[in-house]
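Hi,

Here's the structure I promised to pass along. Have a look first, then read on for my notes.

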Amino acid sequence: MSLGEKSFFAPFATLANLFKKPETIAYPAEDLNVHGKIGPSLKYRGMHANDHQVCIGCASCETVCPTAAITMKSTGASDAELKGANAQRPVIDYGRCCFCGFCVDACPSGSLGMTREYIYTKPSEKEDPLEELVWKRDMFTIEPGNRWADNPGWQCTNDETWLDLDRQHMHHMAATERVGSFIEFVTGFTKEEALREAARCIECGICTKTCPANMGIPEYIRGIYDNDLDESIRVMYETNPLPGICGRICTHKCEDVCAISHRGEPVAIRWLKRYAIDALGPDRVTEIATHAKELFPPTGKNIAIVGAGPAGLSAAYYLSTMGHGVTVFERMPKAGGTMRYGIPSYRLPDSAIDNDVAAMIGMGVEFRLNTPVGEKVSFETLKNDFDAVIVAVGFPGGRSTRVENYDHPDVGLAILLLNRIRLDEEIPVHENIVIIGGGNVAMDIARSMARLQKVKYGKVSICLTCLESETEMPADREEIEESREEGIVIRDGWAPKRIEIAEDGSIKGLQCVKCTQVFDENRRFNPKFDEGETSFYKGTQVVEAIGQTADFSFITDEELKQMGMDRGRFKVDETMESGVKGIYVIGDIVHGPDVIHAVADGHKAARSIDTWLGGH
Amino acid sequence: MYLPDGYTTLEKISENDDHILYDLFFGPNHPGMHGNFGYVLDMVGTEILKVRPNAGQLHRGFEKAMENKLWAQNISLIPRVCVPDPDPNEVAYCQAVEAIMGVDIPMRAKYIRSIVLEMSRLGSFLMGMGGVAGALGHYTTMYLMMIDRDLILDLFEALTGARVYHIYNIPGGVRRDIPEGWTDKLLALCDRLDQKLPEWDRLLYENPVVQDRLKGLGYISASEAMASGITGPSLRACGVAADVRIDTPYAAYGEIEVGINLSGGGDALARAVQVRLDFEEAVRIIRRLVAALPGGDFKLDVGNLAKLRVPAGDAYSKVESSKGEFGYYVVSNGGLKPYRVSVRGPSMPAGMYLCHKHLRGMKIDDVAVWMASFAICPPDIDR
Amino acid sequence: MYDHIFKRAQSLHGDKITCEKKHPQQLEIKTDRHYVMNLLSWLKTESYVHLAFISCIDWIEENQFELVYHVYSYEEKNHILVKTRLDRDRPWMHSIIDVWGHAQPYEQEIHEMFGVYFPGNPDLSGLFLHNWKDLPPMRKDFNPKDYSLALYSLKGMGHEALDMDFIQEITELEVE
């Protein structure tokens, strides 16, 4: 570039521009057209659009909004109508919004997006300045809906989102290694992993509503994230006195509805709970759990609990925190119920149960072990000696398919076999085993038998058949996958027809027919079979794992009827009180087998007993 | 003297037989003033005797506000520290956060950041050159430059979703990948800008009026400039080969060739020409960056950004903006929010300190030109 | 590469000084407040001629202010953060405007925002805040939200300042 003398004609250079096409645009007659589509760019951050059908009301947008422009407005719908969602939707104050689009990038469901619309104006109708202020606020406060949805602008893909979609990998022993022993094979998070995993939570609270015990999940995850494990444990014990157990074997319904699961993998809520418990150590956990002991003076009332399973333990803990005297009657030599004598130790080691039971012992709960009600002490005595009785006996027995030859000595019931494995008894293990059932118990027995086979024969040969197709199987997904890794063959969609017996009296195998339907349109159990299609599974031992039964021999039939027994289960309301005053029924016998339901029942029963006895 | 209603007279400070001393508010609403800033000038006739900077009319407490927002949320506030050239702020902040976290972002993200930074500088240079032209009364030239600035903003819109406040960089990288066909458009724009330069030379730099007005105005020697905190084009105009991109390479500047051209002279003309040279070089740098743009991720996985927790520590990160060194000194105490964010704006030394020396004895018509030549942008004073 | 700076600084000030390499091309020197003037003047002669800016941090829990002087050498291409702590109850620091003239507005700003005094600085008048009567606002114990709620009622609309009922009403509107 030269800075020399300017030409005489230089001023006329501008004349050349006189006849050029203007660079300006005569809006609104024409609009910018440089982005392949008339109007602003395809990523333009304009007014919001929100698909209310997809939105889950998690309030993530509200949290990340840097200008506090977003507030959540209740839709008025009840929680029951909205499974896995909060009854609220974002409302945006455009007087504050800075159109940064963080709300879109942090939306876990992908319902919120921004559009290419950016003009929104109206002449004021008010003269009074205060009225105008209110009017303006109304006008600029918009609940985004589908209004501009046909003109999308700034959207967010999984690559671009702020959320951490990938779960921290949980360390497992390799399948070949773990199948040889009953040692717990999930090793738990390290601190770094737990912090990273806890940071994934957006604290929407949808999990809390879904959890049967309504655990304060976002709060305890926040405790982990803030490295305040004491607070975390405190929150857990508010609603669940068995966090160490639930941190391992809970059916984690919370994770099914986790907001993050809409885009990625849900937060590992269960493993985080386990991390908090393990990282803090049993002594400190018990100390926190029993801090409520001094808060309430003893009431002088005494409550008997039949059964030291999860429901009974939960009720015992909460009753004792309210100052009541609690005595638990348990037929087995240790507390824990099915958790100890049903669930294999590779999933739930005894130490985890002992640590959680230590809290009940610390609270002063009296355990009468090896004391089956009906044998060593009668149900009548309990009713007379105690102010209230809680029946929490669970399902210690197994159900049989009752197919042909079901009474052969090599046919076993899963729950009884598991029980014997936990008691360290020698049980028959054949080289080829067929298992009937598709639930978690079936998986437990299959994987337990696999371990025993591995020890005895050095290889695994187990075939698992179930009525349901794989997508319908009631077992947890991870259980199914882990079973496969351990060498168990799963044949889904087959109904057992008969157990074939060989000439020498031993079992030849299981004859099955195709199951075409398990549940009807009303989700009722109504299996249909196609007799034409059959299959045969070879094996010399058959284990049935199709359901469990309770044992009420200590209660008279008449009384059972009075208490509200109906086809094997009790019908009770929210107070958990049975038809007989002062007798409460909780746990599996009400809600079916599920630890977290049992815990919730125990808490409910404790509260209603406390109210009934004139509590606090 | 007759004045119609609504007019005020200048405030008379003192008078003697020869002179009357007036207090004149130059800005905030003066057409030659860049934003809500002003100088209170003590005038005798049209000559300035004393100057008092009148800042604070834009003060929004950015630094305080940043202490009350999450690490990532601050990105929406930061570009507002410099409106015409917002990206250096975003990048400087993000780099400081990344330095404290001790993470290294993917190479593609670095390249995209560099491209965005250079585009931002181009847009700001056009506004700066236009500012000089406008202050000298060359409005046509200014408007022509604004056309090209708008074309840059179109590309920003296609990349970041917004024209002015891009809110595009986040700790760990950038928010969106480059859309398909975007780089071609960028290269086409580079060609256009190159073609435009001769026209601007004719209209502005070779114009004798411009040269006469700028020559000798606001002269500063190299050593004085360095000791007064002057950076960027204004320092290079004194003949000092200093450029943050070369001296402390950040983003992708360590990977490609960054040229440096010095105008030399130290006056307003040298500064105006320096901006033009830097503009030319920035166009070249963009071409090099696009040619070397690698594939891969456009951001680093740092976990949930809304719950980003930066370990305790501090870092200073600086970026070469169109006006000079933009720096962010970020202090973390290990929390979810910054403990302190301190902004080093390039306008403070000239706008608040050099003005005392330079404006004294200057004619009032040169004040706006002087400000434009130092590219004084009040938001980074009033942060 | 920058060892000579460390060595020299330590030989000048002994154990009152700590040096650390923080990031690439970034060093940190922590020193006692009495040595700051000397250290900065010396650094300026050692080619660290560029004072980028001065920042202040309020460490309220330790009851201290921290001043950070950012100096840079165009020759060594190196950035040094000179840090020193002041007592928060009586915060003052020698002005460095004799070394760097443009420190004046930075010190003026820190005085206004934190209340640190700089004897020797000729102008510590208000720079940004007009009619400010509250605590220096960048201090950690100043709460901007409370301040705004108390000050900016809708006086212009016929409501007195500090009309808490009305503020309540407006705040509720916002929440709905």
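What percentage of the 616 residues in chain A is buried? The answer is 45%, bearing in mind that this is a predicted model.

Sticking with chain A, there are 22 helices and 22 strands in it. The chain is more spread out than a compact globule, because its radius of gyration comes to 32 Å, well over the 25 Å that the globule rule gives for 616 residues. Along the principal axes, the C-alpha atoms of chain A fill a box of roughly 120 × 65 × 50 Å. As for its contacts between residues at least 6 apart in sequence, 72% join residues at least 24 apart.

One helix I looked into is α8 of chain A, residues 229-239. Its buried residues are L229(A), S232(A), I233(A), V235(A), M236(A), Y237(A) and T239(A). Among the elements covering them are α7 (217-225), α9 (243-249) and α22 (595-612) of chain A.

Over in chain B, strands β3 (38-44) and β4 (47-54) pair in the antiparallel sense over seven bridges. G38(B) has N54(B) of β4(B) as its bridge partner. The two strands form a hairpin with two residues between them, and G45(B) in the turn has a positive phi of about 65°.

Last, the contact between chains B and C: each of them gives 29 residues. On the chain B side, the elements giving two or more residues include α1 (62-67), β7 (313-320), β8 (325-332) and α11 (348-358). By class, that side has 14 nonpolar, eight polar and seven charged residues.

Cheers

Methods
Residues numbered from 1 in each chain as written. Chains lettered and ligands numbered in written order. Predicted model: local features only at pLDDT ≥ 70, side-chain atom pairs only at ≥ 80, totals over all residues. Pairing = 2+ DSSP bridges. Helix = DSSP H or I, 4+ residues; strand = E, 2+ residues; numbered from the N terminus. Contact = placed C-beta atoms within 7 Å. Nonpolar A, V, L, I, M, F, W, Y, C, P; charged D, E, K, R; others polar. Buried ≥ 20, exposed ≤ 12 C-beta atoms within 10 Å, placed from the backbone. Rg over C-alpha atoms; globule rule 2.2 N^0.38 Å.
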